Amino acid sequence: MNKQPTSSRRLNVRGVKTISASRYQQIIAATGVVLVLIIPTGAAVRLTQSGLGCENWPKCTEEAFVPEWGFHAWIEFGNRLISGVIGVIVLAAAFGAYRRVPKRPDLIPWAWGLVVGVIAQVVLGGVTVWVDLHPIFVGAHFLLSIVLIWNALVLWMKGRTDLEPIQETTGVSGTNNQTMVLNLSRAVMFVSTLVLVIGTLVTGTAPNSGDSQAIRLTFDLRLIAQIHSATAWIMVAFIVALGVKLAKSKHMKLVQLLLAFSVLQGGIGYLQYWLGVPPLLVELHVTGSLAVWCTALWLHLTIVEQTPAVRPTTPDLSGRGARAQDLRPQSLEGQAT
Ligand code: HEM
């Protein structure tokens, strides 16, 4: 009798260890979590002036990898620790993509995208220190992390189609309406990304540089903060318009969450501006920007995936085409046991 294996790691007919789709999804979910986590911890290093909390690399002190207890040392060390975890986990995602069953060659470039992105982050991080924390490089470092989160979420959405059927509809009827929903969702994505980009310019102009010697951008702080907040209001307007179109659909909860995060984030933004950017509020604002952007992205990818009227002309987020062919001869799960 052909017994089904209970473990998520199995052997295929060539004796190569394989990974089940659900275990691979867990690896990608964990990758997404650490890629999100590194942003507030990185900001904490800057905001608490802990950049030199560890004076050596790769060891923290001359004698030890792990520092003795100390606020700055542990903020910096915590950030290094998460960077190390990211390095290991993106390699697991890349190599795991070849061993995943059912096979999904369409996932492999996305998995390697994570590795390339992390290598680019290491190089960019080095250059940022080399140019004395120039704000443009600090901002680019943040924005590249955002790109990596996008990569991880697309990979997760593609991979999950082996585990649960995708819904065939957004719950909005009529091709015109569907196209309108998709365009509004694109607008939310575009403007929210613009808010992040301009936010990094506000940060580059504001005083929290992480090093008292660091160069500052020469924008008028009031003006650049006004442009940033005006763009945030435009984003809110698009979210409301999207909410009106999706009013009776199952996406409404996500739209409401996005709206709540955006309003809260805006409130923190104004408060930190009026209070002269206290580090704790800036830390909250950085974390809030992730909540806003990740929710907008999640909503957008779900809408793209579930819009039949536009699916042929948009990138195949469902991954179904590849899946159908890959399932043919390679699906050898459990045969060796
Ligand atoms: C609601 C959507 C908003 C999002 C997604 C957002 C996002 C961001 C991001 C990503 C940064 C840069 C963080 C960094 O580079 O470390 C930033 C900085 C900043 N934002 Fe916003 N923001 C929003 C709304 C606002 C509003 C309404 C204001 C009000 C003036 C505001 C004020 C600021 C200020 C003052 C900074 C600079 C803080 C610093 O680093 O010293 N933001 N924002």
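The exercises below, each with a worked solution, concern a predicted model of a protein chain with a ligand.

**Exercise 1. Describe the overall make-up of the protein chain and state which parts have pLDDT under 50.**

Step 1. Take the elements. The chain holds nine helices and three strands. Read from the N terminus, their order is β-β-α-α-β-α-α-α-α-α-α-α.

Step 2. Take burial and contacts. Of the 337 residues, 36% count as buried. Among contacts between residues at least 6 apart in sequence, 75% join residues at least 24 apart.

Step 3. Take confidence. The mean pLDDT is 87, and 87% of the residues reach 70 or more. Over residues 1-7 pLDDT stays under 50, and the model has six contacts beyond four places in sequence for them. Residues 312-337 also have pLDDT under 50 throughout, with 49 contacts beyond four places in sequence. Where pLDDT is low, predicted coordinates should not be read in detail.

**Exercise 2. Work out which residues and elements form the shell around the ligand.**

Step 1. Count the shell. The ligand is surrounded by 28 residues, and the closest are Gly 199, Thr 203, Ala 206, Ser 229 and Gly 269.

Step 2. Assign the shell to elements. Two or more residues each come from helix 4 (135-159), helix 5 (175-205), helix 6 (221-245), helix 7 (252-274) and helix 8 (279-305). Helix 7 gives the largest share, seven residues.

Step 3. Sort by residue type. The shell divides into 14 nonpolar, 14 polar and no charged residues.

Step 4. Assign the shell to domains. Domain 1 (11-164) and domain 2 (168-337) each supply at least three residues.

**Exercise 3. Compare the expected and modelled spans of helix 6, helix 7 and helix 2, and find what covers their buried residues.**

Step 1. Start with helix 6. Its 25 residues, at 1.5 Å a residue, should span 36 Å, and the end C-alpha atoms are 36 Å apart, which agrees. The buried residues of helix 6 include Ala 225, His 228, Ala 232, Met 235, Val 236 and Ile 239. An α-helix has 3.6 residues a turn, so residues three or four places apart point the same way. The cover over the buried residues of helix 6 includes helix 5 and helix 7.

Step 2. Continue with helix 7. For its 23 residues the expected span is 33 Å, and the end C-alpha atoms are 33 Å apart, in agreement. Val 255, Leu 258, Phe 261, Ser 262, Gln 265, Gly 269 and Gln 272 are buried in helix 7. They pack against helix 6 and helix 8. Gly 269 is also among the residues closest to the ligand.

Step 3. Finish with helix 2 (residues 71-99). Its 29 residues should span 42 Å, and the distance between the end C-alpha atoms is 42 Å, which agrees. Its buried residues are Ile 75, Glu 76, Asn 79, Ile 86, Ile 89, Val 90, Ala 93 and Ala 97. Helix 1 (21-47), strand 3 (100-101) and helix 3 (108-130) are among the elements that cover them.

**Exercise 4. Decide whether Val 181 is buried or exposed, and list the residues it touches.**

Step 1. Locate the residue. Val 181 is in helix 5.

Step 2. Apply the cut-off. A residue is buried if 20 or more other C-beta atoms lie within 10 Å of its own. Val 181 has 24, so it is buried.

Step 3. List the contacts. Leaving out residues up to four places away in sequence, Val 181 touches Thr 170, Val 172, Leu 242, Lys 245, Leu 246 and Ile 303. Leu 242 and Lys 245 are themselves buried residues of helix 6.

Step 4. Check a distant pair. Val 181 and His 300 are 119 residues apart in sequence, yet their C-alpha atoms are 9.7 Å apart.

**Exercise 5. Examine the backbone geometry at Pro 102, Leu 133, Gly 276 and Val 277.**

Step 1. Recall the background. Most residues other than glycine have a negative phi, and most peptide bonds are trans.

Step 2. Take the peptide bond. From Val 101 to Pro 102 it is cis, with omega near 0 degrees. Pro 102 lies in the loop between strand 3 and helix 3.

Step 3. Take Leu 133. Its phi is positive, near 55 degrees, and it sits in the loop between helix 3 and helix 4. Leu 133 counts as partly exposed because it has 19 C-beta neighbours inside 10 Å.

Step 4. Take the region after helix 7. Gly 276 has a positive phi of about 75 degrees. Phi of Val 277 is positive too, near 45 degrees. Val 277 is in the loop between helix 7 and helix 8, and with 18 C-beta neighbours inside 10 Å it counts as partly exposed.

Key: Residues numbered from 1 in each chain as written. Predicted model: local features only at pLDDT ≥ 70, side-chain atom pairs only at ≥ 80, totals over all residues. Near = placed C-beta within 6 Å. Helix = DSSP H or I, 4+ residues; strand = E, 2+ residues; numbered from the N terminus. Nonpolar A, V, L, I, M, F, W, Y, C, P; charged D, E, K, R; others polar. Domains from an automatic or database assignment. Expected span 1.5 Å × (residues − 1). Buried ≥ 20, exposed ≤ 12 C-beta atoms within 10 Å, placed from the backbone. Contact = placed C-beta atoms within 7 Å. pLDDT = per-residue confidence, 0-100.
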